[in-house]
Amino acid sequence: MNVIRSVGLFVAAGLAEIGGGYLIWRWLREGSPWPVGLAGAVILVIYGVIPTFQPASDFGRVYAAYGGVFVIMSLLWGWGIDGHRPDNYDWLGAAIVAVGVAVIFFSPHRLFLSSSERASVLAAAAEPAGRRQMQQIRLSSHIMPTCS
């Protein structure tokens, strides 16, 4: 369910950013009346709020993943609204970006850690380095026992 929510929030943020920017573009570049520009500004403020509803708490990763979604949605906006059909290189770039978004934001270690597992990972990171190294040595000997 978190994945569906995150994707929905990314799409909402994309529509708000691209739509708000588009309205300001129309106002400043194409001579639309000032209320169009004001509406664009209000929508851009809303865009700034939408990512705060993401379940992830890492600002950098949320915005990095959103950047990829923005790239893809911008191509789709240009095609649907402005009539500029993406070419094969645009589609290839969008596919590469989509894989990047999935790796950054939806990788398994983010989806499948329970809150208690996250807490233990954070607690282990706070331990002194020597103690942590001993635990890693013990763990690695269980994973890859040496041949004697």
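Let me start with Ser6 and the company it keeps: leaving aside its neighbours within four places in sequence, Ser6 is in contact with Gln54, Pro55, Phe105 and Phe106. Please bear in mind throughout that what we are looking at is a predicted model. Ser6 lies in helix H1, and with a relative accessible area of 2% Ser6 is buried, because anything under 20% counts as buried here.

That brings me to helix H1 itself, which runs over residues 2–30. H1 has 29 residues, which at 1.5 Å a residue should span 42 Å, and since its end C-alpha atoms are 40 Å apart, the expected span and the model agree. Which residues of H1 are buried? They are Ser6, Leu9, Phe10, Ala13, Gly14, Ala16, Ile18, Gly19, Gly20 and Tyr22. As a reminder, an α-helix has 3.6 residues a turn, so residues three or four places apart point the same way. The buried residues of H1 pack against helix H2, which covers 34–49, and also against H3 and H4. Just after H1 comes Gly31, and the phi of Gly31 is positive, near 75°.

Now let me step back to the whole protein, which has seven helices and zero strands, so that, taken in order along the sequence, the pattern reads α-α-α-α-α-α-α. Of its 148 residues, 20% count as buried. If we take contacts between residues at least 6 apart in sequence, 62% of them join residues at least 24 apart.

Next, the largest nonpolar core, which has 15 residues, and in which Phe10, Tyr66, Val69 and Phe105 touch the most other members. At least two residues of this core come from each of H1, H3 and H4. Tyr66, one of those four, is in contact with Phe10, Ala13, Gly14, Glu17 and Tyr47, again leaving aside its neighbours within four places in sequence.

Finally, where is there empty space? Rolling a probe the size of a water molecule over the atoms shows where empty space is left. The second largest pocket holds about 160 Å³ of space. The elements giving two or more residues to the lining of that pocket are helix H1, helix H3 (59–80) and helix H4 (88–106), and H4 gives the most, with four residues. The lining consists of Val7, Phe10, Val11, Val69, Ile72, Met73, Ala98, Val101, Ala102 and Phe106. By class, this lining has 10 nonpolar residues, no polar ones and no charged ones. Phe10 and Val69 therefore appear twice in this talk, in the pocket lining and among the core residues that touch the most other members.

Conventions
Residues numbered from 1 in each chain as written. Predicted model: local features only at pLDDT ≥ 70, side-chain atom pairs only at ≥ 80, totals over all residues. Heavy atoms only, no water. 1 Å grid on protein atoms, 1.4 Å probe; cavity = no way out; pocket = protein on both sides within 12 Å on 5 of 7 lines; lining within 4 Å. Points joined across faces, edges and corners; volume = space filled by probe spheres on them. Nonpolar A, V, L, I, M, F, W, Y, C, P; charged D, E, K, R; others polar. Buried < 20%, exposed > 50% of the residue type's maximum accessible area, 1.4 Å probe, protein only. Contact = heavy atoms within 4.5 Å. Core = buried A, V, L, I, M, F, W, Y, C linked by side-chain atoms within 4.5 Å. Expected span 1.5 Å × (residues − 1).
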